[in-house]
Amino acid sequence: MMSNIFQPFTQRNCTISNRIVCSPMCMYSATPDGKVTDWHIVHYGTRAAGRVGLLMIESTAVESRGRISMQDLGLWDDGQMEGIGKIVEFARSQGVKMGIQLGHAGRKAIVDEPIIAPSAIPFRETDRMPEAMTEQEINEVIEAFGNAARRAKEIGFDVVEVHAAHGYLIHQFLSPLSNKRTDKYGGDLLHRARLLKEIIQTVRANWGEELPLYVRVSAVDHHPDGLTIEDSVVLARMMKEWGVDLIDVSSGGNIPQPPPVVYPGYQVPFAEAIKKEAGISTGAVGLITTPEQAEEILGNQRADLVFLARELLRDPYWVVRAAQKRGLEYMGPNQYERAF
Ligand SMILES: Cc1cc2nc3c(=O)[nH]c(=O)nc-3n(C[C@H](O)[C@H](O)[C@H](O)COP(=O)(O)O)c2cc1C
């Protein structure tokens with residue numbers, strides 16, 4: 001059977017063997033100093049044995065005060081590289097490409113340190129008040145993304161993804177709901193995107209030209225005064241110029257309410273609009289659970305990659321089973337062949 005899922009995908013010097021990506025998912029299982037535990041080795045190892053094309057490590061903090069929780073992984077220190085390296089080494093032995101999402105939680109950080117944001121506006125009225133960042137702090141964060149990208153490169157990752165979605169720091173700058181700055185980092189979309197641009201440039205300089213750089217965005221804020229899909233198409237065109245290889249298209253997260261309605265594939269139209277109107281590769285994510293959905297999205301060229309999150313928690317062998325259903329040769333680990 002012809003399958004879109006099992007078509008390889010090449011960008012720069014990286015060929016992913018199939019179109020399914022294990023979406024970044026925080027495991028809230030790191031040590032207090034942001035290091036890998038046995039949980040990560042087993043969890044990511046299992047998804048590598050399950051043969052996703054690309055396995056993306058969860059949002060990994062570039063600064064200690066940028067952690068979503070005190071149990072987040074970090075890559076702000078060389079001492080955090082060894083544990084992550086073990087995950088990468090095992091995935092490589094399974095023929096699976098590895099990505100890492102680099103993030104900073106900004107005002108949504110739950111840490112003991114003071115928290116920072118573009119403007120002094122808390123996420124919820126009852127949340128901690130963040131400090132509006134000085135230009136020096138902005139430069140420090142940009143440098144922290146660059147240093148984390150250098151470490152990711154040294155560890156041997158195939159893909160690096162900048163987390164600019166879900167109401168975390170970069171999204172806080174992009175969205176007019178949370179960015180009220182009057183300096184060069186605020187104002188119209190071009191200025192609100194300046195932090196993202198400078199982070200992309202620094203990440204690329206440290207990451208090199210050989211391997212792909214993705215950015216995850218929230219295409220819409222699900223709020224009348226927030227980011228719209230039209231803004232996100234304009235932003236995607238800019239990111240293409242800045243050398244981004246793929247936009248991983250999510251939505252929401254910068255206001256405390258969940259999206260008004262969700263249904264299977266509800267974010268796919270955003271990935272499709274960005275792909276078609278900005279002419280850049282995209283990944284679709286959100287309530288995609290069946291191989292038929294993935295085939296439809298890829299076959300109709302609505303996105304280039306399909307990111308699965310919760311479905312891969314329920315079934316790490318989703319890809320192996322999808323291949324089996326399509327009558328393709330067994331592709332799982334030898335150790336498990338008798339089960340399929
Ligand atoms: C446990 C869990 C942790 C998550 N952590 C992250 C994360 O670190 N970074 C991110 O961009 N999205 C994160 N997400 C969102 C997922 O990557 C994905 O976008 C979302 O779950 C929708 O996809 P799904 O319907 O396939 O689960 C997380 C989701 C879950 C369930």
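Angles under 35 degrees between two helix axes count as roughly parallel. Keep that cut-off in mind as you look at this predicted model, starting with its helix pairs.

**Helices side by side**

Two packed helices are described by the angle between their axes and the distance between the axes. Here is how three pairs in this structure come out:

| Helix pair | Axes come within | Crossing angle |
|---|---|---|
| H1 (residues 38-49) and H2 (residues 81-93) | 9 Å | roughly 20 degrees |
| H3 (residues 135-155) and H6 (residues 194-207) | 8 Å | roughly 30 degrees |
| H7 (residues 229-241) and H8 (residues 268-278) | 9 Å | roughly 50 degrees |

Let's take H1 and H2 to begin with. Their axes cross at roughly 20 degrees, so the two helices are roughly parallel to each other. The crossing is right-handed. On the H1 side, the residues that touch the partner are His40, Ile41, Tyr44, Gly45 and Ala48, and they meet Gly83, Lys86, Ile87, Phe90 and Ala91 of H2. Sorted by class, that contact holds six nonpolar, three polar and one charged residues.

Now move along the chain to H3 and H6, whose axes cross at roughly 30 degrees. That makes H3 roughly parallel to H6. H3 goes past H6 in a right-handed crossing. H3 brings Ile138, Ile142, Phe145, Gly146, Ala149, Arg150, Ala152 and Lys153 to the contact, while H6 answers with Leu195, Glu198, Ile199, Thr202, Val203, Asn206 and Trp207. Count up the classes in this contact and you get nine nonpolar, three polar and three charged residues.

With H7 and H8, the axes come within 9 Å and the angle is roughly 50 degrees. That makes H7 oblique to H8. The way H7 passes H8 is, once more, a right-handed crossing. Ile229, Ser232, Val233, Ala236, Arg237 and Lys240 from H7 meet Phe270, Ala273, Ile274, Glu277 and Ala278 from H8. By class, the residues where H7 and H8 touch split into seven nonpolar, one polar and three charged.

**Around the ligand**

The model also holds a ligand, with 14 residues around it. Coming nearest among these are Ser23, Cys26, Gln101, Leu287 and Arg310. Arg310 is worth a second look, as an N or O atom in its side chain sits 2.6 Å from an oxygen atom of the ligand.

The backbone joins in too. A polar backbone atom of proline 24 is 2.8 Å from an oxygen atom of the ligand. For serine 59, a backbone N or O atom lies 3.1 Å from an oxygen atom of the ligand.

Terms used. Residues are numbered from 1 along each chain as its sequence is written. This is a predicted model: local features need pLDDT of at least 70, side-chain atom pairs count only at pLDDT 80 or more; totals for chains, interfaces and linings use all residues. Side-chain values use heavy atoms; hydrogens and water are left out. Axes are lines fitted to C-alpha atoms, for helices over the stretch in contact, and angles run from 0 to 180 degrees between N-to-C directions. Helices (H or I, at least four residues) and strands (E, at least two) are DSSP runs, numbered from the N terminus. Angles under 35 degrees count as roughly parallel, over 145 as roughly antiparallel, 65 to 115 as roughly perpendicular and the rest as oblique. A crossing is left-handed if the near helix is turned anticlockwise from the far one by less than a right angle, and right-handed if clockwise. Contact means heavy atoms within 4.5 Å. Ala, Val, Leu, Ile, Met, Phe, Trp, Tyr, Cys and Pro count as nonpolar, Asp, Glu, Lys and Arg as charged, and the others, Gly among them, as polar. A residue is near a molecule or strand if one of its heavy atoms lies within 4 Å of it. A polar contact is a pair of N or O atoms within 3.5 Å; within protein, one must be able to donate a hydrogen and the other to accept it, and residues adjacent in sequence count only if both atoms are side-chain atoms.
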